[in-house]
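Trainee: I should like to take a close look at a single part of this model and to see how that part fits into its surroundings. May I put the request once the structure is before us?

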Amino acid sequence: MARFDRATGRYVYVTIDGVEHRVYFEEHGTGIPLLLQHTAGGDGRQWRHVLEDPALAGQFRMIAYDLPYHGKSVPPTGVEWWRHEYRLTKDFLMQVPVTLARELGLERPVFMGSSIGGHLAVDLALHHADVFRAVIGLEAAAYTPGGYLDLWYHPRISNDFKASVMFGLMSPTSPEPLRRETAWIYSQGAPPVFKGDLYYFSVDHDLRATARDIDTSRVAVYLLTGEYDWAATPAMSRELAEKIPGASYRTMEGLGHFPMSEDPARFLDYVRPVLQEVRAGAAGAS
Amino acid sequence: MRQIPWPRVMERANGDGEFRIAARFWRTVLRFDLGPESVRFMVDDGVIRTIAPSGPGADCTVSVAGSPESWERLLAAVPLWQDLLGAVLRADFVVTAADPEAFYAYYPAVRRLVDLVREESRS
């Protein structure tokens with residue numbers, strides 16, 4: 001008898017800025033919709049361990065998607081993307097989960113993402129509070145300049161470099177096989193994608209002046225950051241949380257920049273209470 | 001500053017599968033400046049041929065320089081100090097290379113070498 005994972009994958013077509021994208025996603029569970037966003041240069045496989053969690057699956061419909069140009073979401077056929085260097089903008093990135101929520105018929109989903117996904121969580125809280133009931137930003141900060149560098153997309157530097165740097169962003173206490181898996185995924189991204197994603201991470205995302213405008217009475221904001229994350233440090237996340245009235249923050253000890261994939265068991269210990277609070281809020285509102 | 005058994009580091013690196021893969025085809029002279037002390041690694045075709053003390057300005061292809069305190073934190077892998085590049089981007093270490101792309105192309109080998117120095121300095 002074959003042993004299968006519980007998550008199942010399929011494609012959905014979404015149109016953003018007049019361009020049709022074929023977006024891959026994997027899902028498991030029933031209940032409150034929970035959209036899961038991967039990091040820059042990664043893909044939805046980073047959530048594979050969380051997707052398998054039976055307790056969460058009993059309460060949440062977890063959906064981990066690959067952004068266009070990432071993982072199994074190959075570039076669109078309707079534009080000559082090969083004539084321009086890939087670059088991820090805030091406007092495009094925000095439209096992906098918003099459009100997915102609409103196309104999949106998700107009712108006030110929860111959004112959770114790490115790194116660019118963490119930054120995106122707070123941008124969504126600011127600009128799309130009507131779409132999401134709560135956002136959970138992992139490794140989020142108001143502003144993280146300095147990462148949009150040519151060395152991330154250079155003909156003389158292979159994807160091994162990215163994988164190695166990402167390995168060093170994780171906690172040395174996380175299980176080595178899972179850190180290796182996380183780095184492996186980085187070695188597989190299309191060469192221009194990581195640098196292009198860092199345009200959003202380091203240039204287009206800037207909440208220093210606007211974080212205070214987020215209304216947590218409309219969308220709850222939770223921030224959690226790994227203590228070993230030197231790209232978006234605990235101090236940076238705490239500072240962002242302090243700018244957002246009503247937001248909460250917690251440092252995740254023993255975790256780094258990729259909590260959901262480098263040590264999912266430890267990560268789930270931190271995120272379960274947050275998701276239960278979201279769930280309790282939903283029950284109270286109904 | 002902790003004692004680092006450099007002959008043992010060379011033996012470990014040359015017998016380490018991860019380092020040997022990351023260092024394939026590598027030819028370089030790498031210098032670590034550990035505060036006032038410096039050591040040079042002569043690397044040929046991915047194999048470390050010698051590790052020897054040198055002056056801080058000794059000829060090299062690339063140097064990695066940090067204070068004794070920075071090296072201590074890096075080798076202890078305390079939070080935010082578990083990775084050399086993170087420390088370089090914070091300006092806690094300085095990398096000097098005539099050919100920076102060549103250094104970053106072999107960063108996986110350098111990172112693994114630091115791991116092995118860390119392990120051997122604890123033993």
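Trainee: Which residue of strand 4 of chain B does Asp33(B) stand opposite? Please take that strand as the starting point and continue outward to the sheet, to the helices and to the other chain.

Mentor: The model is a predicted one. Asp33(B) stands opposite Ala65(B) in strand 4 of chain B. A further pair on this side is Leu30(B), whose bridge partner in strand 4 of chain B is Val62(B). Both pairs belong to the pairing of strand 1 (residues 28-34) with strand 4 (residues 62-66) of chain B, which is parallel and comprises five bridges.

Strand 4 of chain B is also joined to strand 5 (residues 93-97) of chain B, again by five bridges, but here the two strands run antiparallel. In this second pairing, Val64(B) stands opposite Val95(B) of strand 5.

These pairings are part of an open sheet of five strands in chain B, ordered 3-2-1-4-5 and mixed in its pairing. Strand 3 (47-54) and strand 5 of chain B are the edges; each has a single partner strand, so one side of each lacks a neighbour in the sheet. Direction ignored, neighbouring strands of the sheet are turned against each other by 15° on average. Helix 1 of chain B lies across strand 2 (37-44) and strand 3 of chain B, and runs at about 160° to strand 3.

From the sheet we may turn to helix 6 of chain B. Helix 6 covers residues 107-122, and at 1.5 Å a residue its 16 residues should span 22 Å; the end C-alpha atoms are 23 Å apart, which agrees. Its buried residues include Tyr107(B), Pro108(B), Ala109(B), Val110(B) and Arg111(B), and also Val117(B) and Glu120(B). Within chain B, the buried residues of helix 6 pack against helix 1 (6-14), helix 2 (17-22), helix 3 (68-76), helix 4 (84-89) and helix 5 (100-105); they also pack against helix 5 (159-167) of chain A.

The last of these partners leads to the other chain. Two packed helices are described by the angle between their axes and the distance between the axes. The axes of helix 5 of chain A and helix 6 of chain B come within 8 Å and cross at roughly 30°. Angles under 35 degrees count as roughly parallel, so helix 5 of chain A is roughly parallel to helix 6 of chain B. On the chain A side, Asp160(A), Phe161(A) and Ser164(A) meet Tyr107(B), Pro108(B) and Arg111(B) of helix 6. This contact consists of three nonpolar, one polar and two charged residues. Between the chains as wholes, 16 residues of chain A are in contact with 13 residues of chain B. The side of chain A that touches chain B has eight nonpolar, five polar and three charged residues.

Chain A has an open sheet of its own, with eight strands in the order 1-2-4-3-5-6-7-8 and mixed pairing. Its edge strands are strand 1 (8-16) and strand 8 (248-252), each paired on one side only. The twist from one strand to the next averages 25°. Strand 7 (residues 220-226) and strand 8 of chain A run parallel and are joined by five bridges, and Thr225(A) has Thr251(A) of strand 8 as its bridge partner. Helix 3 (residues 90-103) of chain A lies across strands 1, 2, 3, 4 and 5 of chain A, at about 115° to strand 1.

Terms used
Residues are numbered from 1 along each chain as its sequence is written. Chains are lettered from A and ligands numbered from 1 in the order in which they are written. This is a predicted model: local features need pLDDT of at least 70, side-chain atom pairs count only at pLDDT 80 or more; totals for chains, interfaces and linings use all residues. Helices (H or I, at least four residues) and strands (E, at least two) are DSSP runs, numbered from the N terminus. The expected span of a helix is 1.5 Å times one less than its number of residues. A residue is buried if 20 or more other C-beta atoms lie within 10 Å of its own, exposed if 12 or fewer, and partly exposed in between; C-beta atoms are placed from the backbone. Two residues are in contact if their C-beta atoms, placed from the backbone, lie within 7 Å. Ala, Val, Leu, Ile, Met, Phe, Trp, Tyr, Cys and Pro count as nonpolar, Asp, Glu, Lys and Arg as charged, and the others, Gly among them, as polar. Two strands pair if DSSP finds at least two bridges between them. Axes are lines fitted to C-alpha atoms, for helices over the stretch in contact, and angles run from 0 to 180 degrees between N-to-C directions. Angles under 35 degrees count as roughly parallel, over 145 as roughly antiparallel, 65 to 115 as roughly perpendicular and the rest as oblique.
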